[in-house]
Amino acid sequence: MKDVAALAGVGVKTVSRVMNEEPNVSPETTARVRRAVAALDYQLDLGAGSLRRGDGRTRTLGLLVGSVDNPFCGAIHRGVEDAAMPRGVAVFASSLDDDPTREEAAVRAFLQRRVDGLLLTTTRTRPGQLDRRADLGVPTVYIDHRPEGAAVDSVTSDNREGARRATEHLIAHGHRRIAMLGDSTDLQTARERQRGFREAVAAAGIPAMVAPNVMDLRGERAAHDEAVGLLGSTEPPTAIFSAQNLLTVGAVHALRELGLARRVALVGFDDIPLADVLSPGISVVAQDPHEIGRVATERLFARLDGDTGEARHVVVPTTLIPRGSGEIAPDGVDGA
C-alpha cells in the first residue's frame, strides 16, 4: 500500500479509503490511485483489513447449495454473485449433495473463514448449527428451504402452488391417470410439491390409486427407470408430472426411448436446458432461481446493514410455460 501511495502521490490512508470505497475522496484522486493499483497489480489484504475495520467485516459470504451439477443451483449462485459483486463482496460456494454431515462441515468451514453472512440450502427441517450461528452473530438466510420452528429469514419458490398448477394443467387436458415422480421426502420442497399434486388430484375426484406419486427418486437414472416401469404396467399413466428438473430429464429419456414422447403428456417442475427446442417442447412450471439468489442476498445485506426486524419468508412465484408436452391429450393423437 505504501508503494501505491508513493506512485499515486497520496497518503497511505487515502489509498485505504479508495480501496475500501469510503466517501470523501475526489474522483481525480480515486482515478490516480486506481491507476497506481493497476500498474503495481496491488491486491487488498481483506483478512488484515477486517482486523483494522471497526465492524470486523471480511467482505465475504458463504453459499451452500444442493449440488453444483444441478443447473438450478448454478442459477442461484449467479443471482447471489450478481447481488454481491457491486458491493465488493466475494462469495465462497460449496455443495452439500443432500448429506447432513457434508452440510455441517461446509458451514463450519465458512465460519472458520469468518464470512460476514450465510446463504444456505439445508437437508433438514431444523438445522443443528442454527442456534450456534445466531450466538455468533452471523446473519443467515435460507434458500429453497424454510426451516420449521425457527425465526430465520428464508426465500423459496411457491412449491405447493406450482405443483398444483402443473397437475391441474394435465387434468384440464383430460388426464386422470397421472403419475408423479418426486424427489427425496427428506426435502421440504419435495414434500410441498407432493402436497400440491395430491390436492389437485383430490379436488378433481381422481382416486389415489389412479394417480400414484412415487417419491425418493434421486437423479435422472432413477426417474428414467421408474417411468419405464410405470409406462410398461397394465394401467400405464397417460401423463407424468416430474417434480424436479433432473427427474424431468430422466422422464424425457424414458418417453423417447419407448416412443411415447407424443402420446404421454409431461409437465416438469423447474425448467431444463433445451426444453423449448425439443419436439414436442417440454411444458414446465418454471422457477426463478436467479431471483431467489438475488432476493436472498439482498435480505442478508439488509441484516448486515442493521435490520433487526422479525424474520421474513419471501415466496418467489413460479410460471407455467406450456410448450407442447403438457398439452397432449389422453387419446395420444400424434402431432406433425
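**View 1. Phe241 and its ring partner in the predicted model.**
Phe241 is buried, with a relative accessible area of 0%. This view, like the others, comes from a predicted model. The structure holds 1 aromatic pair. Its rings belong to Phe197 and Phe241, with centres 6.3 Å apart and planes at 15°; planes under 30 degrees apart count as stacked, so this pair is stacked. Phe197 belongs to helix α9 (residues 188–203) and Phe241 to strand β8 (residues 239–242), so many places lie between them in the chain: the two are 44 residues apart, and the pair links distant parts of the chain. Phe197 is buried too, at a relative accessible area of 1%.

**View 2. Arginines placed over phenylalanine rings.**
Arg193 lies over the face of Phe269, at 4.0 Å from the ring centre. In another such arrangement, the charged end of Arg87 sits over the ring of Phe301, 4.1 Å from the centre of that ring.

**View 3. The open sheet and its edges.**
The sheet is open and has 6 strands, in the order β7-β6-β8-β9-β10-β12, with mixed pairing. Which strands stand at the edges? They are β7 (213–214) and β12 (319–321); each has a single partner strand, so one side of each is left without a neighbour in the sheet. Strand β10 (residues 283–286) pairs with β12 in the antiparallel sense, over 3 bridges. Within these strands, Ala286 stands opposite Thr319 of β12.

**View 4. Helices packed on the sheet.**
Helix α9 packs on the sheet and touches β6 (178–181), β7, β8 and β9 (265–269). The direction of α9 makes about 170° with that of β6. Helix α10 (residues 219–231) also packs on the sheet, where it touches β6, β7 and β8. For α10, the angle with the direction of β6 is about 160°.

**View 5. The largest nonpolar core.**
This core has 24 residues. Which of them touch the most other members? They are Leu181, Ile240, Leu255, Leu266 and Ile282. At least two residues of the core come from each of β6, α10, α11 (245–257) and β10. The helix α11 gives the most, with 6 residues. Apart from neighbours within four places in sequence, Ile240 is in contact with Leu170, Ala179, Leu181, Ala227, Leu231, Val264, Ala265, Leu266 and Val267.

**View 6. A second core.**
A separate core of 21 residues is also present. Among its members are Ile76, Ala84, Ile143 and Ile292.

**View 7. His145 and the residues around it.**
His145 is found in the loop between β4 (140–143) and β5 (153–157). Is His145 buried or exposed? Its relative accessibility is 6%, and buried means under 20%, so His145 counts as buried. Leaving out residues up to four places away in sequence, His145 touches Thr121, Thr122, Ser154, Thr156, Leu187, Gln188 and Thr189.

**View 8. The chain as a whole, for orientation.**
The protein chain has 12 helices and 12 strands. Of its 336 residues, 49% count as buried. Among contacts in the chain with a separation of 6 or more, 70% are between residues 24 or more positions apart.

Notes: Residues are numbered from 1 along each chain as its sequence is written. This is a predicted model: local features need pLDDT of at least 70, side-chain atom pairs count only at pLDDT 80 or more; totals for chains, interfaces and linings use all residues. Side-chain values use heavy atoms; hydrogens and water are left out. Rings of Phe, Tyr and Trp (its six-membered ring) pair if their centres lie within 6.5 Å; planes under 30 degrees apart count as stacked, over 60 as edge-to-face and the rest as tilted. Helices (H or I, at least four residues) and strands (E, at least two) are DSSP runs, numbered from the N terminus. Buried means under 20% relative accessible area, exposed over 50%, partly exposed in between (1.4 Å probe, protein chains only). A charge sits over a ring if NZ of Lys or CZ of Arg is within 6 Å of the ring centre and within 35 degrees of the ring normal. Two strands pair if DSSP finds at least two bridges between them. Contact means heavy atoms within 4.5 Å. Axes are lines fitted to C-alpha atoms, for helices over the stretch in contact, and angles run from 0 to 180 degrees between N-to-C directions. A nonpolar core is a set of buried Ala, Val, Leu, Ile, Met, Phe, Trp, Tyr and Cys residues joined through side-chain atoms within 4.5 Å.
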